[in-house]
Amino acid sequence: EIEGVFSPLPNWRIMINVAQQQTVRSNTARAFSELLELRQPIWDRVADFWQDDRLNIKIGENVKRRILDPTRAILLLDGSPAPEQREWRANLVTNYDFSNEGALKGFGIGGAYRWEDSVAIGFPTTFDNELQDDVLDVQNPYFGGIEDNIDFWVSYSRPLFDDRVDWKLQLNIRNALDDEDLIPVARDPDFTYVGMRI
C-alpha cells in the first residue's frame, strides 16, 4: 500500500492511496469434500429424476451445477490467489477549508474518487479427459467490470463554549454520479444465471 498527502495551498489537502491485496487459499473444504463423497452415490441413484418440471432440470444436472462444479473450482484454486478479490484499489480525496475570514468562514468542501479493479464472477467450462466430464476452467475466469464512485461533501465548523469544543457538521453524498447500472457479481458457465446488484 502506498499513500501520499500534500497541500498545494494552506487550506487545501489532497490524499492519494493505492493498495494491492492478494489472498491465497490452502487446505480448503476438506470436511465438505468428504461429505460430498458420501452423498455422491445417493445423488447418482436419483440423477435422472426431474427436480422441477417447470425449470426442466434433473436432480443430477442441478447437483452438478450448484454443488459439485463450484466445489471443484474452489479446490482447484488452492495455492493460487483468490480471483473474487479485487486486487487493486485506488482513492483520491481532496478537501478545502475556507479561511477564517469572509462570508464562507467555517465552511469546507471536498470530494473523493474511489476505484476498484475488476473481479472474477464465474468460470467457463472445459472438458477434462481424466474425468470425462466438463469442469470449470479456473485459470480463465469471467471478469466483472471495474467499480468507480465519486463522493462529495460540504461541512461547517465553529468553536463553541469559549473554544473548548470544536463543533463540526458535515453532509456527505456518496456515489453522487451513480447511474444505477446493475453490477454483475456472479455468472454461470452457460449464462443461465447472472447475479446482479446495484
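**Figure 1. Asp-163 and Asp-162, exposed residues of one loop.** In this predicted model, Asp-163 is exposed, with a relative accessible area of 58%. Asp-163 lies in the loop between E11 and E12, and its phi is near 70°, a positive value in a residue other than glycine. Asp-162 is also found in the loop between E11 and strand E12, the latter covering residues 165–173. Asp-162 has a relative accessible area of 72% and counts as exposed, because exposed means over 50%. Look at the backbone here too: Asp-162 has a positive phi of about 55°, although it is not a glycine.

**Figure 2. Asp-97 and Arg-13, a salt bridge between two strands.** The structure holds five salt bridges, and this view shows one of them, formed by the side chains of Asp-97 and Arg-13 at 3.2 Å, N to O. The pair links distant parts of the chain, with the two positions 84 residues apart in numbering terms: Asp-97 belongs to strand E5 (residues 88–97), while Arg-13 belongs to strand E2 (residues 12–20). How exposed is Asp-97? Its relative accessibility is 26%, so Asp-97 counts as partly exposed. Arg-13 is partly exposed as well, with a relative accessible area of 37%.

**Figure 3. Glu-116 and its two arginine partners.** Start with Glu-116 and Arg-86, whose side chains meet in a salt bridge of 3.4 Å, N to O. Here Glu-116 sits in strand E6 (residues 107–116), and Arg-86 sits in the loop between helix H2 (59–76) and E5; they are 30 residues apart and link distant parts of the chain. Now turn to Arg-89, whose side chain meets that of Glu-116 in a salt bridge of 2.4 Å, N to O. This second pair also links distant parts of the chain, since Glu-116 is in strand E6 and Arg-89 in strand E5, 27 residues apart.

**Figure 4. The salt-bridge network around Glu-116.** Which residues are linked with Glu-116 in a network of salt bridges? They are Arg-86, Arg-89 and Glu-147. Is Arg-86 buried or exposed? Its relative accessible area is 11%, and buried means under 20%, so Arg-86 is buried. Glu-116 is partly exposed, with a relative accessible area of 23%. Arg-89 is likewise partly exposed, at 29% relative accessible area.

**Figure 5. The largest pocket and its lining.** The volume of the largest pocket is about 570 Å³. How many residues line the largest pocket? There are 26, and the ones nearest its centre are Pro-70, Leu-136, Arg-187, Asp-188 and Pro-189. The elements giving two or more residues to this lining are H2, strand E7 (120–122), strand E9 (133–136) and strand E13 (183–187). H2 provides the largest share of the lining, with eight residues. Sorted by class, the lining has 13 nonpolar, two polar and eleven charged residues.

**Figure 6. The largest nonpolar core.** In soluble globular proteins, nonpolar side chains tend to be buried together. Which residues make up the largest nonpolar core of this model? It has five: Ala-73, Leu-77, Phe-123, Leu-136 and Val-138. A helpful place to begin is Ala-73, which touches Phe-123, Leu-136 and Val-138 when residues up to four places away in sequence are not counted. Leu-136 may look familiar from the previous view, where it is among the residues nearest the centre of the largest pocket.

**Figure 7. Asn-149, a buried residue in a strand.** Asn-149 is found in strand E11, which covers residues 147–160. Is Asn-149 buried or exposed? Buried means under 20%, so Asn-149, at 19% relative accessibility, counts as buried. What surrounds Asn-149, leaving aside its neighbours within four places in sequence? Asn-149 is in contact with Ala-112, Tyr-113, Arg-114 and Asn-175.

**Figure 8. Asn-27, an exposed loop residue.** Asn-27 has its place in the loop between E2 and helix H1 (30–45). This residue is exposed, with a relative accessible area of 56%. To get a feeling for distances in the model, pair Asn-27 with Tyr-156: they are 129 residues apart in sequence and 52 Å apart in space, C-alpha to C-alpha.

Notes: Residues numbered from 1 in each chain as written. Predicted model: local features only at pLDDT ≥ 70, side-chain atom pairs only at ≥ 80, totals over all residues. Heavy atoms only, no water. Salt bridge = Lys/Arg side-chain N within 4 Å of Asp/Glu carboxyl O. Helix = DSSP H or I, 4+ residues; strand = E, 2+ residues; numbered from the N terminus. Buried < 20%, exposed > 50% of the residue type's maximum accessible area, 1.4 Å probe, protein only. 1 Å grid on protein atoms, 1.4 Å probe; cavity = no way out; pocket = protein on both sides within 12 Å on 5 of 7 lines; lining within 4 Å. Points joined across faces, edges and corners; volume = space filled by probe spheres on them. Nonpolar A, V, L, I, M, F, W, Y, C, P; charged D, E, K, R; others polar. Core = buried A, V, L, I, M, F, W, Y, C linked by side-chain atoms within 4.5 Å. Contact = heavy atoms within 4.5 Å.
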